[in-house]
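Subject: Structure handover

Hello,

Here is the structure you asked about, with the sequence. My notes on it follow below.

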Amino acid sequence: MTNHPEFMEYPGNAGRAEGYLLPSEEPVQLIAADGSATGNDGYKEPYQLPGPATLVEGYGRLVMGRRVNEQANALVRQGRMAVYPSSTGQEACQVAADMSLRGSDWLFPTYRDTVAILGRGVDPMEAFESLRGDWHSGFDPHQYNTGLPTTPLATQLLHAVGVAHAAKLRGEDTVVLTLCGDGASSEGDFHEALNFAAVFHVPVVFLIQNNQYAISVPLIRQSVAPSLAHKAVGYGMPGERVDGNDLAALLAVVGHAVERARNGGGPSLVEAHTYRMESHTNADDATRYRTAAEVAQWVPKDPLLRLQKYLHDAGHLAPADSERFAADAEAVAKTLRDGLNTETVPDPAELFSFVYSEPTPQLREQARLLADELAAGQSLEGALR
Amino acid sequence: MTAMAHKPQPQSGTASPAAEPELSGMQTLTFAKALTLAMADSMAVDPSVLVFGEDVGTLGGVFRVTDGLTRRFGEDRCFDTPLAESGIIGMATGMAINGMKPVVEMQFDAFAYPAFEQITSHVAKMGNRTKGKVRLPIVIRIPYAGGIGGVEHHCDSSEAYYVHTPGLTVLTPSTVTDAYTMLRDAIASPDPVIFLEPKKLYFSKDTVDVDALRARYGAGSTAPSTIGRAVIAREGSDATLIAYGPSMAAALAAAETAAAEGRSLQVVDVRSLVPFDDETVCAAVRSTGRAVVIAEAPGFASMASEIVARIQERCFHSLAAPVLRVTGFDIPFPAPRLEKYYLPGVDRILDTVEELQWEES
């Protein structure tokens, strides 16, 4: 079915027709927007609705993600952060990514994936340090096996391939999941990453969060492929599409892709259909390029309310759990408020400290120049006081 | 079929004696072979060193610089990639994040441009972005510059793009010894290195003591790194020629001709473009009071401009004349039959030396 010998040796691939690389005919959905279970007929895999404990955990993560988005948006409005790319309404993709990975696996996120970064266990203030503007990053990727949120589109997909390739060469069973958006699928690095992953048969799951817009440009201007998941076929890996606001379906589809990768089945591509409910960032004005009526259509498809309805109707959501999730989310929101309302003074001397493992003679000279300027400024301040 | 059966595997043991005789003692090596030896010796002592790129495996590279590495170390350690330079650098970045030391080849100078975003936005910035928590020990080998009658896109002097990007170390050797030592230093560096290999030097030869070269990297060695250190390639007292990589041969030939005409020219091989060795270069210029900077790249906003600026800033009171440049013209690299008009040559260098405001004698 593909020309890669290892692909053909994987039991899950053996004997399957080429058409298996194609995504299911409709996006996989296990819980409908009204909160009812839909069954799993007609998809290319017999995806199973995750058990109640998993869904309750996922619900808790969605509550956390939503609260973090709301709090961060508020802090931007209050001028405590320079910028925040909100993921309100599309948190389920990030939650599914986190829940499908082990701690020893790696995640490579984008700038809109702060919820996923927190879900990997990153300290909230470390996760928000770059958004506050103190430095370009705040956490150690190796501590959390999580790449830094990447701004140049699709470039992180190749880093994911490299991490997976190194792990494979050492015989480790690490899986790498990397996130990108619909706009990123137009970038050259998207193509190169998927092709490299397939050629080297490395354990990477590419999860496209198709939120319909790249800032103002709609999907139709990025691609006229039948779906973004269809692009997988050209690389010789399976593609799948999934309702990106249905956490149950995401857990089933992404979980399947991760286990495939872990067991030697190679890379795969998942396209999650979701919607960016807010502007690109606080600096954007979405009313210039889309109607309120269009946004309103997505309100009832909300991932959080949908899962809440399902769990409530099925009797799986204990009041104590709901209270605990709300309290946990509120605690993180308070951490963010307290942390971002505390004045910090980034150290200008650090500008020169990390460019090379040892500062060059030229950087030492420039560091001295800045230090002298600052010292002179301070003594001037002292004299004027 | 086993998982690995489709890959070329190393023959028995770590080395295949028939295919790859172990070099030792005094050897006459080409510049290219010294580079191969540096990679092989690095791979032998450090299993995290990997070599990959286009045609570097079975073929051994279009210039044969990786010849024998796949045979000796196996397809997992030296392998061909799809034809995609951004993919090569991006994958190398991920591998370096995950404990490997990739040594990648860009095949030709101008073929590296598709990788520019990965190099400038990630390779160069990762150490600073993470406050040193993630260093990327990647070596990006680039066959570079002209003088071989190459067609378009095969002869660019692209160093200015890299030296202008903070976070990159940029090296270019010009001797067989430096080919070996500088590449080993590059591979050992915790920082990413752009390693510019002058194509026209690949088949230049020298006789070197391989054991002595290796001893620099043995246990307890205190040999200093070549990174950040310029060298005096020829002593002289009347004026200083400052060159590097592909322009060194012309600089040395000019000094030889000048000597016959009674002018003693000192020649400095910059070799480490970043970090730049102000100390050695300035001491050399102060010792003669006159300087000409020679580089093949277009002169406008170039490495040569930077060297001139640094000398004027630091050595003004020691100068008897303005510092002049002999560079490529500000044009795209010419077609093969026209390159001789473009490349800095002995005559143009000596004409420029004559302009250094010599007192009538």
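Domain bounds, as used here, come from an automatic or database domain assignment. For chain A that assignment gives two entries: domain 1 covers 5-341, and domain 2 covers 348-384. The C-alpha centres of domain 1 of chain A and domain 2 of chain A are 42 Å apart. Please keep in mind that this is a predicted model.

Chain A as a whole: there are 14 helices and seven strands in chain A. Its radius of gyration is 23 Å, close to the 21 Å that the globule rule gives for 385 residues, so chain A is as compact as a globular protein of that length. Measured out along the principal axes, the C-alpha trace of chain A spans about 80 × 50 × 40 Å.

On packing, 48% of the 385 residues of chain A count as buried. If one takes the contacts in chain A between residues at least 6 apart in sequence, 75% of them join residues at least 24 apart.

Two annotations come from UniProt, both from unreviewed entries:

- Chain A, residues 63-326: "domain: Dehydrogenase E1 component". This stretch of chain A is 45% helix and 12% strand, and its end C-alpha atoms are 7 Å apart.
- Chain B, residues 29-204: "domain: Transketolase-like pyrimidine-binding". Here chain B is 36% helix and 17% strand, with the end C-alpha atoms 8 Å apart.

Regards

Notes:
Residues numbered from 1 in each chain as written. Chains lettered and ligands numbered in written order. Predicted model: local features only at pLDDT ≥ 70, side-chain atom pairs only at ≥ 80, totals over all residues. Helix = DSSP H or I, 4+ residues; strand = E, 2+ residues; numbered from the N terminus. Rg over C-alpha atoms; globule rule 2.2 N^0.38 Å. Buried ≥ 20, exposed ≤ 12 C-beta atoms within 10 Å, placed from the backbone. Contact = placed C-beta atoms within 7 Å. UniProt positions renumbered as here; feature names shortened; annotations may be inferred.
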